[in-house]
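User: I'd like to understand why the labels on a structure say what they say. Can we go through some of them, with the cut-offs spelled out?

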Amino acid sequence: MAYWEEIQKRRTFAIVSHPDAGKTTLTEKLLLFGGAIHVAGAVKSNKIRKTATSDWMDIEKQRGISVATSVMAFDYAGHKINILDTPGHQDFAEDTFRTLTAVDSVIIVIDIAKGVEAQTRKLMEVCRMRKTPVIVFVNKLDREGKDPFDLLDEIEEELHVNVRPLSWPIDMGTRFRGVYNIYEKKLDLYTPSKQYLTESIAFTNVQSPELESHIGASLSGKLRADLELIEGVYPPFDIPTYLCGDIAPVFFGSALNNFGVKELLDCFIRIAPSPRPVQALERVVQPEEESFGGFVFKIHANMDPNHRSCIAFVKICSGRFERNVPYKHVRFGKWMRFSSPTAFMAQKKETVDEAFAGDIIGLPDTGNFKIGDTLTSGEDLHFKGLPSFSPEMFKYIENADPMKAKQLNKGIEQLMDEGVAQLFTKQFDGRKIIGTVGQLQFEVIQYRLLHEYGAQCKWEPVGLHKACWIESGNAVMLDNFKKRKMQYMALDKEGRDVYLADSAYVLTMAQQDFPDIRFHFSSEF
Ligand code: G4P
C-alpha cells in the first residue's frame with residue numbers, strides 16, 4: 001500500500017468521559033465491531049489482569065481504578081483505528097490531558113441522566129485549547145434521563161461548543177424505541193426484549209405515513225416535530241467546521257445494549273480526521289513527510305519491579321518508524337536504535353517492524369526518556385503541546401531515611417520525568433514541593449519510591465493555592481516581584497520561574513499590583 005494511503009487510513013482518538021458514563025463499555029463495543037475481542041467483558045477483565053501482574057499497581061487494584069493508559073488498535077472497514085485509553089480516575093487527570101495531545105480526535109461520552117459532569121468539562125477545555133475535533137455520544141438511552149433538547153443546550157453552555165445532532169432518540173427508558181439516524185437517513189429500531197439493533201430501515205422521508213407503522217402515531221408526530229426543530233435551530237452539519245473543533249456532532253444510543261454504536265463508528269471513520277499536522281517549536285510537521293518524527297507522551301513504569309524498565313509511548317507525527325533504524329534522541333543529541341518496539345493490536349502487545357504517522361509505539365526504556373522527548377530521523381524538532389497544568393494539591397516531600405538521600409533524589413527525579421506529578425524547588429531554602437491533581441498520586445509516589453528505589457519519604461503540609469508560571473517584558477517589575485515574593489518563588493523541573501500563590505486573594509492582589517507580569521496556569525504559553 002502506498003505510503004500516504006497508510007497514513008490516510010489511520011484514525012487515532014481517545015474516548016473520554018466522567019467516570020461511569022460508559023467509556024469502558026463503549027470502547028469494548030467498538031473493539032467487538034473491529035473483531036479485536038470476541039467476548040463482552042474482555043476490556044474490564046484485562047484491566048484486572050494488568051493490575052495483578054504489576055506490583056506497584058496494588059494501589060490501584062485496591063481502589064478498583066485503572067491508572068494505566070494503554071492503546072487498543074484494530075482494523076475496521078479499511079481503516080486502522082487506534083483508541084487511546086485514558087485513566088478514569090480524576091486524580092490522574094494530568095495523564096489524560098497528556099494522552100489528548102497524542103490523538104487527532106475525541107469521542108466524549110455523556111450519561112443522558114447525569115448530563116455534563118465536572119470531569120467532562122475539564123477534558124473539553126483541553127480539547128478546545130487544542131482545537132481537537134469532538135464527537136459526543138449520549139449514552140444510556142435505555143434509562144430515563146434529561147430531555148434531549150435540554151441536554152444539547154447544557155452541552156453548548158457548559159462545554160462551550162456548538163452541537164449538531166446527527167441522530168435523534170425516539171423516546172427513552174423503558175419506552176425507548178430507537179433512533180432516527182439523521183446522518184444516514186435511516187430509522188434504527190430498538191427492541192427492548194432483544195436489546196440490540198433489530199432493524200435499520202432506509203428512511204429518507206420522515207413525512208411518509210410508513211413511519212406510523214413502525215413507531216406509532218404519537219411518536220411519529222413527535223419525531224417529525226423534533227426533526228423540524230433541529231433543522232430550524234441547528235446549523236447543517238459541516239465536516240470542515242467539525243474538523244476545526246467548532247461544532248460537535250451528537251449521537252444517541254446505549255453502549256451497554258450495543259445500540260447506536262455501529263452507527264457512531266461508521267460515521268466516525270468517514271468524518272474523523274486522519275493524522276493531523278503537528279506544531280513543533282521550529283515548524284509545522286506534516287504527517288506525510290518522509291522523515292520520521294515523534295514524541296513521548298506517556299511513560300508506563302515498571303512492568304517488572306526487579307528491573308527498572310518502562311515503556312515510553314511515542315506518538316508518530318510524521319513518516320515511518322522502522323525497527324533497528326537509528327533515530328535521534330533530540331534532547332541528548334544522541335542516536336538510538338530500538339530492537340523491540342511494540343505496537344498494540346487489540347489488547348496484545350507485539351513487536352513491530354514498522355509503524356506510520358498516527359500510530360503509537362511502545363519503546364522499552366531504562367530511563368532515557370522523559371515526557372515530551374522527541375525522536376527524529378535527524379532534524380532537531382521539539383513538539384509543542386505538552387504543558388504542565390497548575391496542580392491542585394501541594395505537599396513538601398521530606399526524606400524519612402537519611403541513609404537513602406541519593407536514592408530518594410534519583411527516584412523523585414525519575415518519577416517526575418515520567419510525569420507522575422510535578423516538582424517545585426523553592427528558591428529561598430531549596431525545599432522540595434510536590435504538586436498533584438489528587439491525593440492518590442502522593443500515595444503512588446510514596447509506594448513507588450519505597451518499592452523501586454528503596455527510599456522513604458514523608459509528606460508535610462504546605463498551604464498553597466496555585467502554581468503560576470510567570471513572565472514579563474518589564475524586567476524591573478519582574479525582579480521586584482521575585483524579591484517581594486522571595487519565599488514563594490520556586491523553580492519547576494525545567495528551571496522555569498514559578499510563583500506559588502498561597503491563596504486566591506493573594507494571587508488577585510499580586511495580579512493587580514504587578515500589571516506587567518503575566519501569570520500562567522500552564523507551563524506552555
Ligand atoms: P466508565 O468506563 O465511563 O467509568 O463506565 P463503564 O463503561 O464502566 O460503565 C459504568 C456503568 O454504566 C456500568 O455499570 C455499565 O454497565 C453501565 N452502562 C454503560 N452503558 C450503559 C447503557 O447504555 N445503559 C445502561 N443502563 N447502563 C450502561 P456497573 O453496574 O457499574 O458495572 P457492571 O457491573 O455492569 O460492569
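User: How many aromatic pairs are there in the whole structure, and what makes two rings a pair?

Analyst: The search turns up 23 aromatic pairs. Rings of Phe, Tyr and Trp (its six-membered ring) pair if their centres lie within 6.5 Å; planes under 30 degrees apart count as stacked, over 60 as edge-to-face and the rest as tilted. Before we go on: this is a predicted model, where local features need pLDDT of at least 70 and side-chain atom pairs count only at pLDDT 80 or more, while totals for chains, interfaces and linings use all residues. Residues are numbered from 1 along each chain as its sequence is written, and side-chain values use heavy atoms, with hydrogens and water left out.

User: Why is the pair of Phe-481 and Phe-514 called edge-to-face?

Analyst: Put the values next to the rule. The ring centres are 4.9 Å apart, which is inside the 6.5 Å limit, so they pair. The planes meet at 85 degrees, and edge-to-face asks for over 60, so the label follows.

User: What makes this pair a link between distant parts of the chain?

Analyst: Phe-481 is in helix H13 (residues 475–484), whereas Phe-514 is in the loop between helix H14 (504–513) and strand E31 (517–520), 33 residues away. Helices (H or I, at least four residues) and strands (E, at least two) are DSSP runs, numbered from the N terminus. Both phenylalanines, Phe-481 and Phe-514, are buried, that is, under 20% relative accessible area; exposed is over 50% and partly exposed is in between (1.4 Å probe, protein chains only).

User: What about Phe-481 and Phe-519: how do you know how their rings are arranged?

Analyst: Their planes are 80 degrees apart and their centres 5.6 Å apart, making this pair edge-to-face too. Phe-519 sits in strand E31 and Phe-481 in helix H13, so the pair ties together parts 38 residues apart in sequence. Phe-519 is buried, like Phe-481. Elsewhere, ring pairs join Phe-292, Phe-321, Tyr-327, Phe-338 and Phe-369 into a cluster.

User: Why is Arg-431 said to sit over the ring of Tyr-396?

Analyst: A charge sits over a ring if NZ of Lys or CZ of Arg is within 6 Å of the ring centre and within 35 degrees of the ring normal. The charged end of Arg-431 is 3.6 Å from the centre of the Tyr-396 ring. Lys-395 does this with Phe-442, lying over its face at 4.5 Å from the ring centre.

User: Which residues are closest to the ligand, and what makes a residue near?

Analyst: Near means that one of its heavy atoms lies within 4 Å. By that rule 17 residues surround the ligand, and the closest are Asp-20, Lys-23, Thr-24, Thr-25 and Ser-254. Helix H2 (residues 23–33) gives the most to this shell, with three residues.

User: How do you know that Thr-25 makes a polar contact with the ligand?

Analyst: A polar contact is a pair of N or O atoms within 3.5 Å; within protein, one must be able to donate a hydrogen and the other to accept it, and residues adjacent in sequence count only if both atoms are side-chain atoms. For Thr-25, a polar side-chain atom is 2.5 Å from a ligand oxygen. The side chain of Asn-139 has an N or O atom 3.1 Å from a ligand oxygen, and a polar backbone atom of Ala-21 is 3.4 Å from one.

User: How much of the ligand does the protein bury?

Analyst: The protein buries 69% of the 710 Å² that the ligand exposes when taken alone.

User: Why is Ala-77 buried or exposed?

Analyst: Ala-77 has 55% relative accessibility, so it counts as exposed. This residue is in the loop between strand E2 (71–76) and strand E3 (79–84), and its phi is near 45 degrees, a positive value in a residue other than glycine.

User: And what makes Asn-324 stand out?

Analyst: Asn-324 has a positive phi of about 65 degrees, although it is not a glycine. Its place is the loop between strand E16 (320–322) and strand E17 (327–329). With 34% relative accessibility, Asn-324 counts as partly exposed.

User: How is Thr-436 classed, buried or exposed?

Analyst: Thr-436, in strand E26 (residues 432–436), has 1% relative accessibility, so it counts as buried. Its C-alpha is 8.7 Å from that of Glu-94, although 342 residues separate the two along the chain.

How values were computed
Accessible areas come from the Shrake-Rupley method with a 1.4 Å probe; for residues, only the protein chains shown count as cover.
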